Amino acid sequence: MLRLNDIVEKVISYLPQADIELIKKAYVYSAKVHAGQLRSSGEPYLSHPLEVAGIIADMKLDVPSVVTGLLHDTVEDTLTTLEDIESMFGKEIAFLVDGVTKISQLPFTSKVEEQAESFRKLILATAKDIRVVLIKLADRLHNMRTLEYLNEERRKRIAKETQEIYAPLAYRLGIYWMGTELDDLSFRFLNPDEYNEIAGLVLQKKKDWEKYVEVVKEMLRKKLEEFGIKAEITGRFKHIYGIYNKMRTQNLEFEQVHDVIAFRIITSSLRECYEALGAVHSTWKPVPGRFKDYIALPKSNGYQSLHTTVIGPFGERMEIQIRTQRMHEVAEYGIAAHWKYKEGRIESSEIDKIYASLRQLLEWKDIKDPAEFLEAIKGDLIPNMVYVFTPRGDLKELPSGATPVDFAYAIHTEVGNHCTGARVNGRIVPLDYQLQSGDIVEIITASDKHPSRDWLKFVVTSRAKTKIRSWLRNEEREQSKLVGKSICERKFKQYGLDFQKMLKSGELESVMSELKFKDVDDLYLAVGFGKISVAEILKRVVPKGNLEKSPEKESRIQKIINTIIRSTKSGVLVRGYDDVLIRFANCCSPLPGEAIVGYITRGRGITIHKQNCSQLLDIDPARKIEVEWDKNFKGLRPARISVVCADRPGMLSSITRSIALSDVNISKAEIHSTDSDRAIGTFEIAVTDLNQLEGVINSIKKVKGVISVERVYGGD
């Protein structure tokens, strides 16, 4: 366990005048309130805040940040209140502690909502003080380092959240060492078999790689000396998740991943960076298209470096990064490297640099739908960017794969909403054209043009997606209001009633209040979307005898029988509906064991989606409805899996035998060979729930010659 003295020594090494007594006071207080508490590992709980404070000191943050690391769990996990923290440590530290405290005391209907609200709180606190997110990252890093002590379900949930949000967030803030460690730890707990296999292969190769690094470093040192350049040269290995990702995306074996080793040259001046680049290119042939100048065009998080890939001394590709010492500090510590101390505060000249990385994230804090909020945040954490220009020469940074529509919304919402075409480098291009770094983009607009739902198929920025969805929803809501109004007026007229007249006279106010409608527009929407029938309103205003005779009520026994029949057909129970047509969405093919949500469709009943299905982001949240799996349902649901394997005799037989041994039937199978001695098989199987599907996938992974297995969607 890290000791208090270790933390103090770290802080003094970069802040000689630090208020060490405040750190000691926080340590004593944390030890007192956490006394008797144990972590899942069996260690005293105090070990966690000590380790978090140590990571914060490694990032060279100020004393209030280190103190917050020691106190960050006191409000959430002890009887301590924020008022107690403020009275003992001041407003600044109380604010930081509150910023990193999860929203755990509020009731939430789903994990997605809880996750979204906790992250929304973090983003809002970060908008006021960047240290909040840095402390939260330190907290998450230590939790990931000790994740093996939690049960499997919690391990996977936390690892997935880390992989999707916290690792990309660390990269976005420029803290690359933390991003790679979070990636590796997430991979370790989400895909333990693949992790252990690659880690073992790396261990076998490590000695050879280390010898290779020393040989190349010596060659680089001599070449730089010829050019009169004194520089620090280091070699590093690609992290495990990075190797796996390359193998998966490029369909490679471990031995085929050549750029596992990268070299870094750290010079004393900007001029020497470009001179060192010349020295490298005069020694080894550069690979065309693999040179990037992040010094002239820095990343939004402030990262600067020259990247080049060359054919090395043994005929293998190797990447070389060249930067100054100051650039290296920014690359290592990211936003934290901008921290300049002047009476404990960051200098105002650095503020813009720091918040530029998070400005887009802050823009999404007002998105109401939790799933859409998380999707927007994840989308904006994409690390690969392209750099394009407006006709006036203004630089715009967009995610890789961005289109003219993404560019239009980056300029202004109205430019995007009225976009009708685009010119790139002077020529007309389609709206789904993928922009390349260096492109000059001009957007053509027309006042009578509006967003198309088809745009959602190719835009990549969260801003564009959110603005398009917002426009489409508003349009859909207006149409639904008109439909709802028309239905209300027509149905009321059948009973000799004037709906509009009753509205104006106030006769319907009590009815709307009873049905919990805020106003008449709310009522129109509910009727238009099919969430309520006009009969529900009429029975409150029309005398009972005047309403059409209702069918006889079902007996209690018949009702139970019908409910069983209905639930058995689909396996899904819909809150508030006794009899409704249920269909399952092909886009996500939900299985029992997965969180689900219903979507009301006109004339087609209720469509069931996975709660995290991306298609749900394109619909109005008002049309969602709560549903749940029927626990008594014993039927089978279809699932599709894709298997990539070696193309050799007997593979298909081995895979199908593996599926059969899991007591699962194959409904359909398609196999085809590729050009690289691979075969890809797609199998449709019938399973009872998610656990059975995961069992099948794990069983197939153990078959010799199988490269990857994953669940796929979008079947017939």
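Two residues are in contact when heavy atoms of theirs lie within 4.5 Å. In this predicted model, Ala-585 touches Pro-590, Thr-607, Ile-608 and His-609, leaving aside residues up to four places away in sequence. Ala-585 sits in the loop between strand S12 (582–584) and strand S13 (596–601), and with a relative accessible area of 6% Ala-585 is buried. Tyr-713 is 128 residues from Ala-585 in sequence, while the C-alpha atoms of the two are 9.7 Å apart in space.

## The chain as a whole

The protein chain holds 28 helices and 20 strands. Of its 716 residues, 48% are buried, and its accessible surface comes to about 36400 Å², with 50% of that area belonging to carbon and sulfur atoms. Among contacts between residues at least 6 apart in sequence, 66% join residues that are at least 24 apart.

## Two helices and what covers them

Helix H3 (residues 47–58) has 12 residues, and the 16 Å between its end C-alpha atoms agrees with the 16 Å that they should span at 1.5 Å a residue. H3 is mostly covered, since 10 of its 12 residues are buried; among them are Leu-50, Val-52, Ile-55 and Ile-56, together with the polar residues Ser-47 and His-48. The buried residues of H3 pack against five helices, namely H1 (4–14), H2 (20–33), H4 (63–71), H9 (131–145) and H11 (176–190). After H3 comes Lys-60, whose phi is positive, near 60°.

Helix H14 (residues 270–283) has 14 residues and reaches 21 Å from its first C-alpha to its last, close to the expected 20 Å. Its buried residues are Glu-272, Cys-273, Ala-276, Leu-277, Ala-279 and Val-280. Seen down the axis of H14, these buried residues fall within an arc of 165°, so they line one face of the helix. They pack against H12 as well as strand S2 (261–267), strand S4 (306–311) and strand S5 (317–324).

H12 (residues 192–226) is also the place of Met-219. Met-219 joins Val-215 and Phe-314 in a nonpolar surface patch of about 270 Å², and Met-219 itself is partly exposed, with a relative accessible area of 34%.

## Salt bridges

Side chains of opposite charge can pair when their charged atoms come close. A search of the whole structure finds 28 salt bridges, and the table gives three of the pairs with the distance between their closest N and O atoms.

| Pair | Closest N and O atoms |
|---|---|
| Glu-181 and Arg-145 | 2.7 Å |
| Arg-326 and Glu-329 | 3.1 Å |
| Lys-610 and Glu-594 | 3.4 Å |

In the salt bridge of Glu-181 with Arg-145, Glu-181 lies in helix H11 and Arg-145 in helix H9, so the pair ties together parts that are 36 residues apart in sequence. Both ends are partly exposed, Glu-181 at 23% relative accessibility and Arg-145 at 32%.

Arg-326 and Glu-329 both lie in helix H15 (residues 325–333), where they are 3 residues apart, about one turn of the helix. An α-helix has 3.6 residues a turn, so residues three or four places apart point the same way. Arg-326 counts as partly exposed at 34% relative accessibility, as does Glu-329 at 33%.

The salt bridge between Lys-610 and Glu-594 links distant parts of the chain, with Lys-610 in strand S14 (residues 605–610) and Glu-594 in the loop between S12 and S13, 16 residues apart. Lys-610 and Glu-594 are both buried. Elsewhere, Asp-62, Glu-92, Asp-129 and Arg-131 are linked in a network of salt bridges.

## Residues in loops

Asn-425, in the loop between strand S8 (419–424) and strand S9 (427–429), has a positive phi, near 55°, although Asn-425 is a residue other than glycine. At 47% relative accessibility, Asn-425 counts as partly exposed.

Lys-516 likewise has a positive phi, of about 65°, without being a glycine. Lys-516 is found in the loop between helix H23 (509–514) and helix H24 (520–529), where it is exposed, with a relative accessible area of 72%.

Lys-702 lies in the loop between helix H28 (690–701) and strand S20 (706–712) and is exposed, with a relative accessible area of 68%. Ile-655 is 47 residues from Lys-702 in sequence and 9.6 Å from it in space, C-alpha to C-alpha.

Definitions and conventions:
Residues numbered from 1 in each chain as written. Predicted model: local features only at pLDDT ≥ 70, side-chain atom pairs only at ≥ 80, totals over all residues. Heavy atoms only, no water. Patch = residues over 30% accessible without salt bridge, like charges linked within 9 Å, V, L, I, M, F, W, Y side chains within 5 Å. Areas by Shrake-Rupley, 256 points an atom, 1.4 Å probe, with all protein chains shown as cover. Salt bridge = Lys/Arg side-chain N within 4 Å of Asp/Glu carboxyl O. Helix = DSSP H or I, 4+ residues; strand = E, 2+ residues; numbered from the N terminus. Buried < 20%, exposed > 50% of the residue type's maximum accessible area, 1.4 Å probe, protein only. Expected span 1.5 Å × (residues − 1). Arc of directions from axis to C-beta.
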